[in-house]
Amino acid sequence: MFFKSLVELTGHPISSNVLKRFTSSRLSRSLNKSFVKLYKVNVDEMEHPLEEYASLQELFTRTLKKDARKIDDGVDTIVSPVDGVLSSFGKVSENDTFVVKGQEYSMEQIFDCKNKEDKFKNGSYFLFYLSPTDYHRIHSPIDGIIEEQWTCGGKSYPVNSLGMKYGNKPLSTNYRLISLVRNEQVNAAVIKVGALNINSIHLTHETNQLKKGSEMAYFSFGSTVVLFIDECDFEIEKSLSFEMEIKYGQKIGALVPQKQIC
């Protein structure tokens, strides 16, 4: 229950800031071994030995060893931006909505900016949930340029399974940082959904030019990423299934070779 209070979601700004201060302090370092054991964190792939992490927050936002993940290098492939569980995926409906855990979302609600969502209408979507176990850094799904980036929302409803099912539409009400990434073939929207009443999303990219698999940002608390691919000739990877575990760099779909230009 103590760890749940640290990593699960809370809607109150006071308790959120208390959690942030504690997990960032050296006092929290004594919990690192218990955290790793409880959540079965893979210490072999961490960039540094466990004893080098000075706080629970440093452990939570850890980087990985250079070759810990293989980035699918197919010319036309699109990859997962995160480690996590693929909670939902599919096509956006003709009326520009999609359903997650029984709740219907409109594209306009998600993007919170009129006309920004237009290029993704009738496209594909992927919803990734990051649990305390997971590596919490976010990577680009394609080679491309960050065309635009903005924040919206201000709530902190739960984004775990119960929160998605019974909460007040957290994907369209929580604090979000949206990055539009494009190349000559495809447009992608990487929507990072915050988890607490504090800024839990931190940008790390130094330029707007990204390589597939390069780091964009990280979460300082667990959360969710929604990825949209525009209505081009894109095929979702047939091996994907709901609630499957996925790693960043793993192929989630590909452009149809003979019809790449959208």
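In this predicted model, a good place to start is Val85, which stands opposite Tyr129 in β5. Strands β2 and β5 run antiparallel, with 6 bridges joining them. Now look at Val85 again and turn to another partner: Val85 also stands opposite Glu245, a residue of β15. Here too the pairing is antiparallel, and β2 and β15 are held in register over 3 bridges. So how much of β2 is covered? Mostly, β2 is hidden, with 6 of its 8 residues buried.

From here, let us follow the strands into the interior. In soluble globular proteins, nonpolar side chains tend to be buried together. In this model the largest nonpolar core has 30 residues. Which of its residues touch the most other members? They are Phe126, Phe128, Leu227, Ile229, Leu240 and Ile252. Several strands contribute to this core, and among those that each supply at least two residues are β2 (84-91), β5 (124-129) and β15 (244-246). Others on that list are β8 (176-182), β9 (187-193), β12 (215-219), β13 (224-229) and β16 (251-255).

Leu240 is a handy residue to click on if you would like to see this core from the inside. Leaving aside its neighbours within four places in sequence, Leu240 is in contact with Leu86, Phe89, Phe126, Ile246, Lys251 and Ile252. Phe126 and Ile252, like Leu240 itself, are among the residues that touch the most other members of the core. There is also a second, separate core, made of 20 residues. Val92, Val100, Met107 and Tyr125 are included in that second core.

Next, the open spaces. Rolling a probe the size of a water molecule over the atoms shows where empty space is left. The largest pocket has a volume of about 240 Å³. Its lining brings back two strands you have already met, as β2 and β15 each supply at least two of the lining residues. The lining has 16 residues in total, and Ser131, Thr133, Asp134, Glu245 and Lys247 lie nearest the centre of the pocket. Glu245 is the residue of β15 that stands opposite Val85. What kinds of residue make up this lining? The lining divides into 4 nonpolar, 4 polar and 8 charged residues.

The second largest pocket holds about 150 Å³ of space. Of the 13 residues that line the second largest pocket, Gly74, Val75, Thr77, Asp143 and Lys212 lie nearest its centre. This lining divides into 5 nonpolar, 4 polar and 4 charged residues.

How values were computed: Residues numbered from 1 in each chain as written. Predicted model: local features only at pLDDT ≥ 70, side-chain atom pairs only at ≥ 80, totals over all residues. Heavy atoms only, no water. Core = buried A, V, L, I, M, F, W, Y, C linked by side-chain atoms within 4.5 Å. Buried < 20%, exposed > 50% of the residue type's maximum accessible area, 1.4 Å probe, protein only. Helix = DSSP H or I, 4+ residues; strand = E, 2+ residues; numbered from the N terminus. Contact = heavy atoms within 4.5 Å. Pairing = 2+ DSSP bridges. 1 Å grid on protein atoms, 1.4 Å probe; cavity = no way out; pocket = protein on both sides within 12 Å on 5 of 7 lines; lining within 4 Å. Points joined across faces, edges and corners; volume = space filled by probe spheres on them. Nonpolar A, V, L, I, M, F, W, Y, C, P; charged D, E, K, R; others polar.
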